[in-house]
Amino acid sequence: MTHVAAVTRPRSRFLRRLPWWLGAAFLVGTAAVWVFPFVWMISASLKDNLEMFSGGLNLLPDTLVWENYVRAWNDANFGRYLINTVVVTVITVVIVTVRCATCGYVLARYRFKGSKLFLGVLIATLFVPTGYTIIPVVKVSMQLGLIDSLGGMILALSGAAYVSAILLYYGYFRQIPRELEEAAVIDGAGFFRTFFSVMLPLAMPVTATVAILTFITTWNSFFLPLVFSFSRPEIRTVSVGMQAFVGETATDWTGMAAAGVISILPVVAVFVFMQRYFMEGISGAVKS
Amino acid sequence: MSIRSVQLTRRESRNAKNARRASTVDEQMVAPERGWKRTTWIWLFLLPTIILYGIYTIYPIIASYWYSLVEWNGFDSEQRFVGIANYQAVFADPFFWNSFRITLLFMLLVVPARVLLSLLMAMVLNSPKLPLVGVLRSAFFIPVVTTTAIIGVVMRFVLDPASGPVNGMLQLFGLEGVDFLGDQKTALPVAAALYVWKFFGITMIYWLAALQTIPRDIYEAARIDGANVRQTFLHITLPLMKPFLIIITVLTIEETFHNFDLMYTLTGGGPYFNTEIIEIYIYRWAFAASIPQLGHASAAAVFFGLLVAVFGAIQLWAVYASRRMRRANP
């Protein structure tokens, strides 16, 4: 019996693995269809307008037309839009991370008057849609003189609820044993130092998650930047710039494809490098 | 090891974990500072959130109610109080009810596809024997991280009846070209399909996280007991996923209310208002009209906010219910 098993095992293992490889091959095919629009966009961004119309299905361009990128970058102002987007995104990520970390920390570790109410109000606003708050946000920004400026856009974006980020920090700080804080206090650290040199470094995984999630949300945001840049086209972000591009030059499709690649590439790059934190962060949010 | 005993050990470890959690939270710690100094620090730490969240989230929620009661074009400072006239106007507007219907219809089209198809895909991608799992997960996830507004524009090209590659493909097979986004019948389903494509990955990750809460040894025990794939799914996976099914469904419903970006860039609400969701209706009255009517738009926004709030309440209830479910029946 053992003899027979020893002889047949290699072949049967191969046969047993075969369906899995077939399944994987099928899924790879599906995934190729899934990412096709991106491949098509990259391909279109390197063709000339004529070739894009005639050979729409051919993914490999005859000659690489880099001028599309030059046109999108200079004439369509995507260089400027990209800088705007980077500035808005980076500052928003910093503000959101710091404010959610401090808020989550205090709520998780201290009892104070109104802490329960505070948490309750936060949870009640977990899913406020931008469409609901946009009119007062614009009006209050006008009154504060912040409309039509990158600064106002940044404040409005970082003032969005971000309740899930606060809750992520809240959950994480709650389960850190209190001995760590005690040790810091015995070593003579005050409130501020305990937080910034002991607690915040411990929360590195949460910070990474919140930073990446905020990065992607802000980079991709559209409604708020659209409304904030109505009368000042030079403060558009890439997503708004893309929309305006379509309105202005409906014929320059290859230029638009190049602009699309410029706008999407950075965020995809960030995702590819940091995807572990990203996936874990989302997973953590569902499990708790 | 039987399923029963696995469940027991899991429950014990959960109880121990809960007990540990309770002790770290409830017997509060030796705080770094005491008295007024501590209170000052606490409020200092809350200050950025109180200011930003107060101005840009809490105030707008309240102000919307006030705006919905005035007649106001947004330019001059004059706001004329008109009571519930805006609501009457909104409710009498067939275009508002059209956008309300479109919003709900869109939800009905999108949610089952996102929740159930992504569950199937997650179950496949959760299997330890499948090769290339990491690559596949990333491929299905990529649309999630890309900019929705840009996807909308790019998809207009991809689906263009004259020169888009999809119609090119159809013609290659001798089929007639379809104006996917210009046709009143196809616009909404096509937009819904694109939305599912765009956000499928995130629901799939939710499901993967949920599936990973099932210990592998339960499956092994079932396999040793001779259960087939169908039995394993019906008697192990499905019951254990029930609490997550509630949470993920409600999360997905909430998310479908935020699709201004895609709809606005893809169709702008057309053709003939056939994809005009409430957010675009609000935008049209508040920002796109030559004479903005903020009162009218705000009344629509308040109604929209209430709709979302109802689902938010269901959401909270669902989280509690699923927690109880998981505790009672791990």
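At 29% relative accessibility, B:Phe273 counts as partly exposed, a class that sits between buried (under 20% relative accessible area) and exposed (over 50%), worked out with a 1.4 Å probe on protein chains only. The model is a predicted one, in which local features need pLDDT of at least 70 and side-chain atom pairs count only at pLDDT 80 or more, while totals for chains, interfaces and linings use all residues. Residues are numbered from 1 along each chain as its sequence is written, chains are lettered from A and ligands numbered from 1 in the order in which they are written, and side-chain values use heavy atoms, with hydrogens and water left out.

B:Phe273 lies in the loop between H11 and H12 of chain B; helices (H or I, at least four residues) and strands (E, at least two) are DSSP runs, numbered from the N terminus. Its phi is positive, about 65°, although it is not a glycine. Most residues other than glycine have a negative phi. Chain A offers another case: A:Tyr162 is not a glycine either, and its phi is near 45°. A:Tyr162 is found in the loop between helix H8 (150–158) and helix H9 (163–174) of chain A. With a relative accessibility of 17%, A:Tyr162 counts as buried.

A loop of chain A also holds A:Asp62, between helix H3 (49–54) and helix H4 (67–74). A:Asp62 is exposed, because its relative accessibility is 62%. From A:Asp62 to A:Asp48 there are 14 residues in sequence and 9.2 Å in space, taken C-alpha to C-alpha.

Turning to chain B as a whole, it has 13 helices and 2 strands. Of its 330 residues, 52% are buried. Contact means heavy atoms within 4.5 Å; among the contacts in chain B with a separation of 6 or more, 68% join residues 24 or more positions apart.

The UniProt record (an unreviewed entry) puts "domain: ABC transmembrane type-1" at residues 100–315 of chain B. UniProt positions are given in the numbering used here, feature names are shortened, and annotations may be inferred rather than shown by experiment. That span is 74% helix and 0% strand, with its end C-alpha atoms 21 Å apart. The same kind of unreviewed record lists "transmembrane region" for several stretches of chain B, including residues 138–159 and 299–320. Residues 138–159 of chain B come out as 86% helix and 0% strand, with 25 Å between the end C-alpha atoms. For residues 299–320 of chain B, the figures are 100% helix, 0% strand and 32 Å from end to end.

B:Thr148 has its place in helix H6 (residues 148–158) of chain B. B:Thr148 is buried, because its relative accessibility is 9%. Leaving aside neighbours within four places in sequence, B:Thr148 is in contact with B:Lys198, B:Phe199, B:Asp261, B:Leu262 and B:Thr265.

Helix H12 (residues 278–288) of chain B has 8 of its 11 residues buried, so it is largely enclosed by the rest of the structure. Among the buried ones are B:Glu279, B:Tyr281 and B:Phe287. Both chains supply packing partners for these buried residues: helix H7 (130–143) and helix H13 (223–228) of chain A, plus helix H4 (94–125), helix H11 (260–266) and helix H13 (294–328) of chain B.

On to the interface. Here 102 residues of chain A are in contact with 101 residues of chain B. The two chains bury about 9,400 Å² between them, 78% of it on carbon and sulfur atoms; buried area is the accessible area (1.4 Å probe) that two parts lose on being put together, summed over both. A:Trp34, A:Phe127 and A:Tyr132 supply 9% of the area that chain A buries against chain B, more than any other three residues. Helix H15 (residues 253–287) of chain A gives the most to the side of chain A that touches chain B, with 15 residues. Salt bridges (a side-chain nitrogen of Lys or Arg within 4 Å of a carboxyl oxygen of Asp or Glu) number 0 across this interface.

Last comes the nonpolar core, a set of buried Ala, Val, Leu, Ile, Met, Phe, Trp, Tyr and Cys residues joined through side-chain atoms within 4.5 Å. The largest has 154 residues, and A:Ile135, B:Phe141, B:Met204 and B:Trp207 have the most contacts inside it. Helix H8 (residues 187–211) of chain B brings the largest share of this core, 18 residues. A second, separate core of 32 residues includes A:Tyr105 and A:Phe112.
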